[in-house]
Amino acid sequence: MAASARVRFTLVASLFFVVASATTASADKASVTISAPESVVKGTEATIRIQVTHSGNNFIHYVSWAKISIDGKEAARWGFSWNKRAESKVFEREFKYVVNAPVEITADADCNLHGSKGPVKASIKVTE
């Protein structure tokens, strides 16, 4: 390898390392909160909102997915990538679900580098 090529390679590698280190230092795991009614009348459509919080949002470090599961089955999922990232460090997604019986909601999100702070749960009771 020629000397100028080695210098360029070293500069590019150093720049990548600095950018990656700076991103990681100010980043954390993705976290989620759920907003849903505590109870609804049987057969009512409930709006379930999740708020995802993640301090990184660039092409190297971003939320890779967020999801809502109902009674253990995935009901909604939003995928992201390095070139199709979430709109901000804190964002919301919404899902509508017709509730016919009591349900347990689980939500989670994942950082492509650091993972998740873990799933959160909520429930909706049914009234007659």
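This passage describes the fold, strand pairing and side-chain interactions of a predicted protein model.

The protein comprises 1 helix and 8 strands. Along the sequence, these elements follow the pattern α-β-β-β-β-β-β-β-β. Of the 128 residues of the protein, 31% are classed as buried. Among contacts between residues at least 6 apart in sequence, 64% join residues at least 24 apart.

Three of the strands were examined as a sheet. An open sheet of 3 strands has the order β1-β3-β6, with antiparallel pairing. Its edges are formed by β1 and β6 (90–99), each of which pairs on one side only. On average, neighbouring strands of this sheet are turned by 25° against each other, with direction ignored. In general, the strands of a sheet pair through backbone hydrogen bonds, in either a parallel or an antiparallel arrangement. Within the present sheet, strand β3 (residues 44–53) and β6 are paired in the antiparallel sense over 10 bridges. One residue pair illustrates this register: the bridge partner of Arg49 in β6 is Glu94.

The residues of this strand pair also take part in side-chain interactions. Arg49 and Glu94, together with Lys96, are linked in a network of salt bridges. Within the network, the side chains of Lys96 and Glu94 meet at an N to O distance of 3.6 Å. Lys96 is partly exposed, its relative accessible area being 41%, and Glu94 is likewise partly exposed, at 40% relative accessibility. Arg49 and Glu94 are thus connected both as bridge partners and as members of the salt-bridge network.

In total, the structure contains 6 salt bridges. One of them joins Asp28 to Lys117, with the closest N and O atoms 3.6 Å apart. Because Asp28 is located in the loop between α1 (3–25) and β1 (31–35), and Lys117 in the loop between β7 (103–111) and β8 (120–127), this pair ties together parts that are 89 residues apart in sequence. The two partners fall into separate accessibility classes: Asp28 is partly exposed at 25% relative accessibility, whereas Lys117 is exposed at 53%.

A further salt bridge is formed between the side chains of Glu104 and Lys121, at 3.5 Å from N to O. It links distant parts of the chain, with Glu104 in strand β7 and Lys121 in strand β8, 17 residues apart. Glu104 has a relative accessible area of 38% and is partly exposed, while Lys121, at 58% relative accessibility, counts as exposed.

Strand β7 also contains Thr106. With a relative accessible area of 18%, Thr106 is buried. When residues up to four places away in sequence are not counted, Thr106 touches Ile34, Lys67, Ile68, Ser69, Pro119, Val120 and Lys121. Lys121, one of these contacts, is also the salt-bridge partner of Glu104.

Aromatic side chains contribute another set of interactions. The structure holds 2 aromatic pairs. In one, the ring centres of Phe80 and Phe91 lie 5.5 Å apart and the ring planes are at 70°, so the arrangement is edge-to-face. Since Phe80 is situated in the loop between β5 (73–79) and β6, and Phe91 in strand β6, the pair ties together parts 11 residues apart in sequence. Both rings belong to buried residues: the relative accessible area is 12% for Phe80 and 2% for Phe91. Strand β6 therefore holds Phe91 of the edge-to-face pair, which ties it to the loop between β5 and β6. A charge–ring arrangement is found as well, in which the charged end of Arg77 sits over the ring of Trp65, 4.8 Å from the ring centre.

A local backbone feature occurs at Asp71. Its phi angle is near 50°, a positive value in a residue other than glycine. Asp71 is placed in the loop between β4 (63–70) and β5. At 46% relative accessibility, Asp71 counts as partly exposed.

Definitions and conventions:
Residues numbered from 1 in each chain as written. Predicted model: local features only at pLDDT ≥ 70, side-chain atom pairs only at ≥ 80, totals over all residues. Heavy atoms only, no water. Salt bridge = Lys/Arg side-chain N within 4 Å of Asp/Glu carboxyl O. Helix = DSSP H or I, 4+ residues; strand = E, 2+ residues; numbered from the N terminus. Buried < 20%, exposed > 50% of the residue type's maximum accessible area, 1.4 Å probe, protein only. Contact = heavy atoms within 4.5 Å. Pairing = 2+ DSSP bridges. Axes fitted to C-alpha atoms, helices over the stretch in contact; angles between N-to-C directions. Phe/Tyr/Trp six-rings, centres within 6.5 Å; stacked < 30°, edge-to-face > 60°. Lys NZ or Arg CZ within 6 Å of the ring centre and 35° of its normal.
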